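Colleague: I would like a close look at how one covered helix sits on its sheet, and then how the other helix and sheet packings are put together. Please spell out the cut-offs as you go.

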Amino acid sequence: MSLIDTNVPPRGEVAGLLQAPEAARSSLGPPAHWPASLRQQVDVLLNAAFPMFLVWGPDRLLIYNDAYRPILGDKHPRALCQPFWSVWPEVRATIEPIIEAAFAGEAAFHEDLPVVLRRDGQAQTACFTFSYSPVPVAGEIPGVLCVCVETTSAAQERAAREESEKTLLFLDRLTRATSSLPSAEAVMTRAAELIGEHMGVAICAYADMDADQDGFTIRGDWAAPGSTSIVGRYRLADFGEMAVENLTQGLPLVINDNLVEIAAHEAATFQAIGIGATVCMPLVRDGRLRALMAVHHKGPHRWSDRELALVREVTERSWAFVERVGAQAELADSEAELRRITDAAPLLIAYVDQDRRYRFINRAYEAWFGQSREALQGRRVEDVLGAAYEPVRPHLEAALAGERVTFESRIDYPAGGLRDVQVDYVPRRGADGAVIGLYAVISDVTKRMAAERALARSETRLRLATEFGEVGLWDVDKGDGALYWDARVRALFGHASDTPVTLDDFYAGLHPDDLEATAKAYAAAADPATQALYDVEYRTIGAQDGVERWVAAKGRGVFDAEGHCLRVVGTAIDITARKHAEAARDLLMREVDHRARNSLAIIQSVVRLTDAGDPDDFRQAILGRIEAMARAQSALAKSQWRGGTIADVVRDELASAISAGARVRLSGGEVALPADHLQPLSMILHELATNATKYGALSVREGRVDVSWTSEPKGWSLSWQEHGGPAVTTPQRSGFGSRLMVNLARQLDGQIAFAWDPAGLAVSLRAGAPT
């Protein structure tokens, strides 16, 4: 299609605008007067499927195609044939050098170039990949052609991936930097420094809470250049009600601008120590607020979800490191006590002879085994340990063969309970150098192992969260049956974030109809024989809110080398909306089926009752009535069975049934029709229009029909009035059409009246008013 070919309809909106008189008022004039080179470029541009625009002439006028309109937003169509910089003044500093270089003959290509555009009334950061190509004509370059694609979404996704990678690298660096530090103070100092530098904040601090849950001491911090240390003692209440409420409940305190978001006297406490925005993460243990870790900006700062997640993760990791360091310190103290071999040492100390019999035990042995020293000494190790002996046996044999052995194990002691222990077997040699026995030194490392497992779970949760996005995470420790739910899973079961949960809470929260299948699926996932994928959908009943929700859960068991199930971990997603949509779809299908059956019943009645002596007349009558029903069905389908308006039904039906549309006058407002009124009204209008065309006002050239409608207090009404047709006489009997209309009016919960006036038939239809 040529732009100046006025005999061919314009292809697209922009082509039509260029041919409109308004376009001729630009400095380019009408397209017919444009240079051939410009018309050729514009023809190529208008027929392209990619977003393209042309910058032309010394005024740098902008001409673009339909594909470019979404990029313009509300600047279209006034941008057409206007100077480029009056359309895009906000990008001039960035783009003008590129365009002017193209006018000088230098083509350019840029990928994911970020710019700030003003579209639809607001500034938006967007990214584009584009090429600028000079358009040479007779040794000059009067124009520049640009092909551009907006890549904002892809660039944002890539930036998000890069940010996730940076976060993972930072957390790895944090782990490596703190894992070998000797003290809790050293761990927290290093963690504060690393996160402060990584996030670019003013201050990162950590504090211990007093027993009264109000006073706290900031023991250490990291301050950026220009910021002042805030180490010292404070009261939580001085920082406001939100600080007290959130932190004592184990919730983070997030303030983007304390001058705006909290009371003035509360903000003054923050401002006095140089803080304008803050994130403070609590550490709650045994239901009590124990410690705090916080990052601060001097001025206002809107904290992103990623920043909050990072601070939360660093806080959890730091305290896990601190607890592990503390556990390691306890172990070191225990080993020192062991070297002195005193009963005061918190260790199990024993001597076992070559015959594997206990010859000496300390008081800790008595406590853990729940038996007296006399009852244990002289017994063989395998008899005392019972089922726990088999994993110990190879280490014991190696030590009795002369090898010093250290290992860790988990043992269920009769009185001491399930404990993680570090065992040291030190061979004892006689005067001739032969091994005559061994010293057994057993240290309780339950706290350290728990801290390490907590750290491992934290890392696993982070990886899952990074991989799956908006999902809930759960974790079941098969050793002690402990259950972990994150905030999303707690919400799915209607539990508050600070309440402890167990597997009993999980099963109690399941819908009774889904309990058996869900329990079987979980058992199969934890079974070493099957190691099945846990993939179920179930309903929950909220423990506190009573709300029914649908959940899709997936998970797997984690098994050791011997096939024992250590943990079962997985994800949970809220699929309530999807289930509701499926239910709505099924309801709609049942409604369609119901209406189809009703339509078939009506068709059968029409066929059975239609009387016509001639087969052609019979066929036409049947086809006309069925087509009227079909049009009503199409209107219902288009509105998704929500109904329509009288105006739409009247126009559609009369346009299909009457060729002399100019002799039909319509009047009435937009009166809404419920779905079950569309088909009866359409068929009544068809009967009236058919009768008027064959016998009434529209059967002669001079005749006309007036159709009007209006809403009523209890429904609506419609009037049909014929004028100028053949003289009307009252029929001797009611035909099928009249009887059909009366029956259809009853379906409308209304009535229809016929006035056989010689000057023209008058019909009054009233719906929604019971007879």
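Modeller: Happy to help; I will begin with the helix and its sheet, and then turn to the other packings and some backbone details.

This is a predicted model, so local features need pLDDT of at least 70 and side-chain atom pairs count only at pLDDT 80 or more, while totals for chains, interfaces and linings use all residues. Residues are numbered from 1 along each chain as its sequence is written, and side-chain values use heavy atoms, leaving out hydrogens and water.

The helix to look at is H2, residues 36–46. Helices here are DSSP runs of H or I with at least four residues, strands are runs of E with at least two, and both are numbered from the N terminus. H2 is mostly covered, with eight of its 11 residues buried. Buried means under 20% relative accessible area, exposed means over 50%, and partly exposed is in between, using a 1.4 Å probe and protein chains only. The buried residues of H2 are Ser-37, Leu-38, Arg-39, Gln-41, Val-42, Asp-43, Leu-45 and Leu-46. Their cover includes helix H1 (13–19) along with strands S1 (52–56), S2 (61–64), S5 (122–137) and S6 (140–150); contact here means heavy atoms within 4.5 Å.

Those strands belong to an open, antiparallel sheet of six, ordered S3-S2-S1-S6-S5-S4. Two strands pair if DSSP finds at least two bridges between them. At the edges are S3 (82–83) and S4 (108–119), each pairing on one side only. S4 and S5 are joined in the antiparallel sense by 10 bridges, and Leu-113 has Phe-128 in S5 as its bridge partner. H2 lies across S1, S2, S5 and S6 and runs at about 165° to S1. Axes are lines fitted to C-alpha atoms, for helices over the stretch in contact, and angles between N-to-C directions run from 0 to 180 degrees.

Another sheet carries a helix too. Its five strands form an open, antiparallel arrangement in the order S14-S13-S17-S16-S15. The edge strands are S14 (358–361) and S15 (405–413), which each pair on one side only, and the twist averages 25° from one strand to the next. S13 (residues 347–353) and S17 (residues 435–444) share seven antiparallel bridges; Ile-442 in S17 is the bridge partner of Leu-348. Helix H15 (residues 389–400) lies across S13, S15, S16 (417–429) and S17, at about 135° to S17.

On edge strand S14 you will find Arg-359, which counts as partly exposed because its relative accessibility is 43%. Leaving aside residues up to four places away in sequence, Arg-359 touches Tyr-351, Asp-353, Gln-377 and Gly-378.

For helix on helix, H6 (residues 152–178) packs with H7 (residues 184–199) at about 160°, their axes 10 Å apart. That makes H6 roughly antiparallel to H7: angles under 35 degrees count as roughly parallel, over 145 as roughly antiparallel, 65 to 115 as roughly perpendicular and the rest as oblique. The crossing of H6 and H7 is right-handed, a label used if the near helix is turned clockwise from the far one by less than a right angle, with anticlockwise being left-handed. The contact of H6 with H7 has seven nonpolar, two polar and three charged residues. Here Ala, Val, Leu, Ile, Met, Phe, Trp, Tyr, Cys and Pro count as nonpolar, Asp, Glu, Lys and Arg as charged, and the others, Gly among them, as polar.

In H23 (residues 675–694) and H24 (residues 736–747), the axes come within 9 Å and cross at roughly 155°. H23 is therefore roughly antiparallel to H24, and H23 passes H24 in a left-handed crossing. By class, this contact has eight nonpolar, two polar and one charged residues.

Some backbone details round this off. Most residues other than glycine have a negative phi, and most peptide bonds are trans. Yet His-76 and Pro-77 are joined by a cis peptide bond with omega about 10°, and Pro-77 lies in the loop between helix H3 (69–72) and S3. Asp-286, not a glycine, has a positive phi of about 55° and lies in the loop between S11 (277–285) and S12 (288–297). Asp-286 counts as exposed because its relative accessibility is 74%.
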